[in-house]
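Hi,

Here is the structure I promised to pass on. Have a look at it first, and my notes on what turned up follow below.

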Amino acid sequence: MAERHHRALAEHGPAYVLDVPMVGQGTTVEPDFRLDVATAFGRTAPLVVEIGSGGGDCVVHAAKQAPGVNFLAIEVWIPGVAQTIAKAVHEGVDNVRLICADAAQALPSMLGPGSVREVWTFFPDPWPKSKHHKRRLVQPEFADKVADLLEPEGNWRLATDWADYAWQIRDVVEGCPRLVNPYAGRLADPGDAEVDPRGDHGGFAPRFEGRVETRFERKGLRVDRIVRDVVGTKLVE
């Protein structure tokens, strides 16, 4: 890490990074741990969770735009956590908290049912090799967990620039009985009908205004990848 990021982590980490009980030295949170969100943020407010926040571009931008919302970023990449802290300090935002943990394992037990306004999963690791697809985060089991966390009419927002992962994400969201795709039938690109295994099925959202362009997105755009957004909205039960 750059020296300024080491300094940000050392000087401001205690204010932004939540100290949660871990199993050993890894990224697994103690399964019995439940996060007291109001205590963590010092207030009660709508909660947005970003899974895999990277260098913090989206979450810090959103926190500055919506000071009345609590933003919880979950990221295992320590340099990214340090970058997020540096950006948060620079922008003067105090409504961001970070946890260094495996989100797939931690979220279902750490947060209560119906406690989250939105979950963001932007550019998750695509695991491009077929034999590694089982490692992808967005799977039916995880969709059920996200649906449990969302409040009624809350949104799970996702984006990827890997076409076959976009099809998978769309199918997982639409296959979850507690989520509805509000953009069913919408194509992300005019050529989708020729490459999507489901033809002109569509199901892709317009670009989410709160998703700022990151270096990961720019990297994909440079090689002409199409970014596809998906939204799953929690049904009112």
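**Helix pair and sheet**

Helices α1 and α4 are roughly perpendicular to each other. Keep in mind that this is a predicted model. The axes of α1 (residues 3–16) and α4 (residues 78–91) cross at roughly 75 degrees and come within 8 Å; angles of 65 to 115 degrees count as roughly perpendicular, so that is the label this pair gets.

If you want to pull up the contact, select H5, A8, L9, H12, G13 and Y16 on the α1 side, and I78, V81, A82, Q83, I85, A86, A88 and V89 on the α4 side. By type, that contact splits into 10 nonpolar and 4 polar residues, with no charged ones.

Now the sheet. It is open, has 7 strands with mixed pairing, and reads β3-β2-β1-β4-β5-β7-β6 in order. β3 (96–99) and β6 (179–180) sit at the edges with a single partner strand each, so one side of each has no neighbour in the sheet.

At the β3 end, β2 (residues 70–74) and β3 run parallel and are joined by 4 bridges. One to click on: F71 has V96 in β3 as its bridge partner.

Two helices are worth showing along with the sheet. α3 (residues 57–65) lies across β1 (47–51), β2, β3 and β4 (116–122), and runs at about 175 degrees to β2. α6 (residues 140–149) also packs on the sheet, where it touches β1, β4, β5 (150–160), β6 and β7 (228–234). The direction of α6 makes about 135 degrees with that of β5.

Cheers

Key. Residues are numbered from 1 along each chain as its sequence is written. This is a predicted model: local features need pLDDT of at least 70, side-chain atom pairs count only at pLDDT 80 or more; totals for chains, interfaces and linings use all residues. Side-chain values use heavy atoms; hydrogens and water are left out. Axes are lines fitted to C-alpha atoms, for helices over the stretch in contact, and angles run from 0 to 180 degrees between N-to-C directions. Angles under 35 degrees count as roughly parallel, over 145 as roughly antiparallel, 65 to 115 as roughly perpendicular and the rest as oblique. Contact means heavy atoms within 4.5 Å. Ala, Val, Leu, Ile, Met, Phe, Trp, Tyr, Cys and Pro count as nonpolar, Asp, Glu, Lys and Arg as charged, and the others, Gly among them, as polar. Two strands pair if DSSP finds at least two bridges between them.
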